[in-house]
Amino acid sequence: MNFNTDLPLWQKRFGLLSMFLMIGAMLSLVDALVGGFGGVHDNIQLIPDSRYAVSGPMPPKTERIEDFVIEGLPEDRSVLLSPEAIFSGYWFGGSMWRGVIIVDSFAREGNYIISVKDKFGEKQNPTLVFEVRVWADKAERDANSTSFLTRRTGRSPFIFVIGLTIAGIVAGGSSFVFGRLWSRKLAEFHCGEIFNVRRKGGVLTIACEFHGGADAHVGMVCNVYNPSGEKLCTAQITHCGKGEVQLQAEGTESVRHGDVVCMQAA
């Protein structure tokens with residue numbers, strides 16, 4: 001018998017490609033979580049002439065931005081924390097503020113620890129301490145990134161996460177389409193694909209899925225082929241279910257998942 005089709009081969013190829021792309025996306029996500037979006041709260045990585053949005057709870061006993069006490073800024077104000085607005089917190093409804101850290105074009109490379117406090121001398125809230133690392137340029141920042149992908153490519157690892165995920169979904173969808181076309185091709189020949197093989201005591205038990213209204217019944221003898229059309233053995237149906245049959249054969253080691261059972265010669 002000759003099916004004259006490469007559909008199962010392409011189905012397998014795209015399935016493997018989808019798997020490797022998704023693994024790559026997961027590894028990129030791990031790398032992204034290690035590297036962060038460009039810095040975590042207490043380790044913000046910036047370059048001259050850049051901005052970084054920040055937010056936090058209001059300092060104790062403080063209701064207005066004008067009452068903030070901001071420490072740690074350089075004398076030339078080349079690195080500046082500028083609170084911009086007050087808003088209600090998403091989780092508990094308390095007052096919070098948002099602002100931006102601005103690095104001027106003439107800022108010097110170095111570490112800057114900027115803290116926001118109240119003017120009453122209350123204990124410093126650690127979430128209002130921002131450690132800013134200014135690098136000379138983007139190339140130097142990327143070279144010192146905690147993200148492997150950023151160090152190697154200069155790009156955010158989240159770009160790889162998104163790209164590989166989309167490519168993996170497309171490859172998986174292609175594998176699914178080729179699988180459906182293969183199932184339709186098999187149905188034309190009153191055949192089905194083997195999805196389970198068990199060997200015990202010299203007896204081979206096969207589970208096979210049939211589509212297309214194939215007329216199977218217990219006791220029927222069927223031929224077993226590999227996807228390229230080479231006959232492997234014959235097997236007898238021992239059980240019929242909805243779209244599924246079980247068969248038994250003896251004395252064969254060549255039958256595998258993905259092989260084909262046909263009720264009649266094609």
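This passage goes through the cysteines, a charged surface patch and one loop phenylalanine. The model is a predicted one, and residues are numbered from 1 along each chain.

The cysteines come first. With a disulfide taken as a pair of cysteine sulfur atoms within 2.5 Å, the count comes to one disulfide. That link is between Cys191 and Cys262, with an S to S distance of 1.9 Å. The bond is right-handed, with 105 degrees about the S-S bond of Cys191 and Cys262. As for what it connects, Cys191 sits in strand β9 (residues 191–200) and Cys262 in strand β14 (residues 260–262), so the pair ties together parts that are 71 residues apart in sequence. Both ends are tucked away: Cys191 counts as buried at 2% relative accessibility, and Cys262 is buried too, with a relative accessible area of 1%.

Cys233 and Cys240 are another matter. Cys233 is in no disulfide, and the nearest cysteine sulfur, that of Cys222, is 11 Å away. Cys233 is nonetheless buried, because its relative accessible area is 11% and the cut-off for buried is under 20%. Cys240 is in no disulfide either; here the nearest cysteine sulfur again belongs to Cys222, 8.7 Å away. Cys240 has a relative accessibility of 29%, so it counts as partly exposed.

Next comes the charged surface. Asp49, Glu75, Asp76 and Asp104 gather there in a patch of negative charge. One of these residues, Asp104, is found in the loop between β6 (95–103) and β7 (110–117). Its relative accessibility is 31%, so Asp104 counts as partly exposed. That value just fits the patch, because patch members need over 30% relative accessible area. Members of a patch also have no salt bridge, and so Asp104 and its partners Asp49, Glu75 and Asp76 are without one.

Last is a loop residue with an aromatic side chain. Phe68 lies between β3 (50–57) and β4 (69–71), in the loop that joins them. Although it is a loop residue, Phe68 is buried, with a relative accessible area of 11%. Phe68 and Met58 are ten residues apart in sequence, and their C-alpha atoms are 8.8 Å apart in space.

Methods
Predicted model: local features only at pLDDT ≥ 70, side-chain atom pairs only at ≥ 80, totals over all residues. Heavy atoms only, no water. Patch = residues over 30% accessible without salt bridge, like charges linked within 9 Å, V, L, I, M, F, W, Y side chains within 5 Å. Areas by Shrake-Rupley, 256 points an atom, 1.4 Å probe, with all protein chains shown as cover. Salt bridge = Lys/Arg side-chain N within 4 Å of Asp/Glu carboxyl O. Lys, Arg positive; Asp, Glu negative; His and termini not counted. Charge placed at Lys NZ, Arg CZ, Asp CG, Glu CD. Helix = DSSP H or I, 4+ residues; strand = E, 2+ residues; numbered from the N terminus. Buried < 20%, exposed > 50% of the residue type's maximum accessible area, 1.4 Å probe, protein only.
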